[in-house]
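The following paragraphs guide the reader through selected places in a structure. Please keep the sequence and the three-dimensional view at hand while reading.

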Amino acid sequence: MSQLGQPVRPAPRPAQNGATPQIAFRPASKAGRKARLSIQGMSGSGKTWTGLGIAHGLSEGQKFAVIDTEKGAASLYAGVGGIQFDTCPIDRYDPRDLVRILDAAAAASYPTVFVDSLSHFWKGTDGTLDQVEKASSRYGGNKFAGWKDGTPMQNDMVAAILAYPGHVVASMRSYTEWVLDGGKPQRVGTRPEQRKGIEYEFDVAVSMDIDNTLEVLKSRCPALNRQVIKRPQGARDIAGPLLAWLSEAPAQGPAAAADDQQ
């Protein structure tokens with residue numbers, strides 16, 4: 001495996017002590033940038049299989065890591081289509097544990113980590129909501145005060161995902177609602193079971209429905225913007241365009257500037 005190095009997280013801002021900080025600009029570049037992708041959907045929509053395919057494609061033949069909160073669901077697909085991965089099964093979901101697991105995966109130089117699923121670290125046993133409930137009991141049942149403990153845990157977990165030195169794919173369950181379609185009740189997924197707005201932390205956010213159709217909700221990768229793909233092959237349909245975009249050098253020179261103005 002290639003050596004990925006350790007996560008790099010923001011350090012506390014140093015005191016200025018009257019000194020003028022050094023400010024410098026440099027050419028924008030995606031060099032070294034890794035993918036951050038989320039998949040949301042109802043149970044049975046194909047999140048795990050599609051996520052494994054994407055992680056396999058992003059890893060370009062190397063073995064990747066799966067952080068498994070789904071009672072071994074991912075392992076049922078081991079070896080299918082040549083997909084090979086190591087798994088870390090867990091049954092308690094303290095956000096601080098995910099930070100430690102990501103650090104261990106970085107130390108082992110896994111090119112990609114698939115968190116299946118991130119929802120458990122929000123509303124599962126010892127997840128963020130559980131941590132807030134426990135903290136609130138120390139403040140006389142004041143849940144608002146409990147968030148003083150819960151919010152930093154959640155924020156540190158998100159920072160660890162963003163700081164991982166390889167690619168990260170994360171699945172999330174969707175809240176489910178029933179709607180009438182032509183007089184017939186239909187089950188549909190809504191927003192992900194995680195803190196509101198979590199999808200904005202990722203470069204690409206996709207949703208999957210019960211018919212295994214993938215819809216790109218948000219994408220910084222132009223090739224994936226607003227795509228709708230039935231029965232996607234994760235490595236080909238998602239990882240391929242993502243890797244091409246990340247490796248693409250920005251256009252340089254007057255000709256490129258002229259093209260941009262047309």
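**A walk through selected residues**

Ser117 is situated in the loop that runs between β4 (112-116) and α3 (120-123). The model examined here is a predicted one, and the geometry described below is to be read accordingly. The peptide bond that leads from Asp116 to Ser117 is cis, its omega being near 10°.

From Ser117 the view may be turned to Ser38. In sequence these two residues are 79 residues apart, yet in space their C-alpha atoms are 9.8 Å apart. Ser38 belongs to strand β1, which covers residues 36-41. Is Ser38 buried or exposed? Its relative accessibility is 0%, and because buried means under 20% relative accessible area, Ser38 counts as buried. Which residues are in contact with Ser38, once its neighbours within four places in sequence are left aside? They are Ala170, Met172, Glu199, Phe202, Val204, Ala205 and Val206.

Helix α1, residues 47-59, offers a simple check of geometry. The expected span of a helix is 1.5 Å times one less than its number of residues, and α1 has 13 residues, so its span should be 18 Å. The C-alpha atoms at its ends are indeed 18 Å apart, which agrees with the expectation. The helix is also mostly covered, since 11 of its 13 residues are buried. Among them are Lys47 and Thr48, the glycines Gly51, Gly53 and Gly57, and Leu52, Ile54 and Leu58. Ser59 is likewise one of the buried residues of α1. After the helix comes Glu60, a residue with a positive phi, near 50°.

A positive phi also occurs in two loops. One of these loops lies between α3 and α4 (128-137), and Asp126 is placed there. Although Asp126 is not a glycine, its phi is positive, at about 70°. The relative accessible area of Asp126 is 11%, and therefore this residue is buried.

The other loop connects β7 (204-208) with β8 (213-219), and Asn212 is found in it. Asn212, again a residue other than glycine, has a positive phi near 65°. Where does Asn212 stand with respect to burial? With a relative accessible area of 17%, Asn212 falls under the 20% limit and so is buried.

Technical notes: Residues numbered from 1 in each chain as written. Predicted model: local features only at pLDDT ≥ 70, side-chain atom pairs only at ≥ 80, totals over all residues. Heavy atoms only, no water. Helix = DSSP H or I, 4+ residues; strand = E, 2+ residues; numbered from the N terminus. Buried < 20%, exposed > 50% of the residue type's maximum accessible area, 1.4 Å probe, protein only. Contact = heavy atoms within 4.5 Å.
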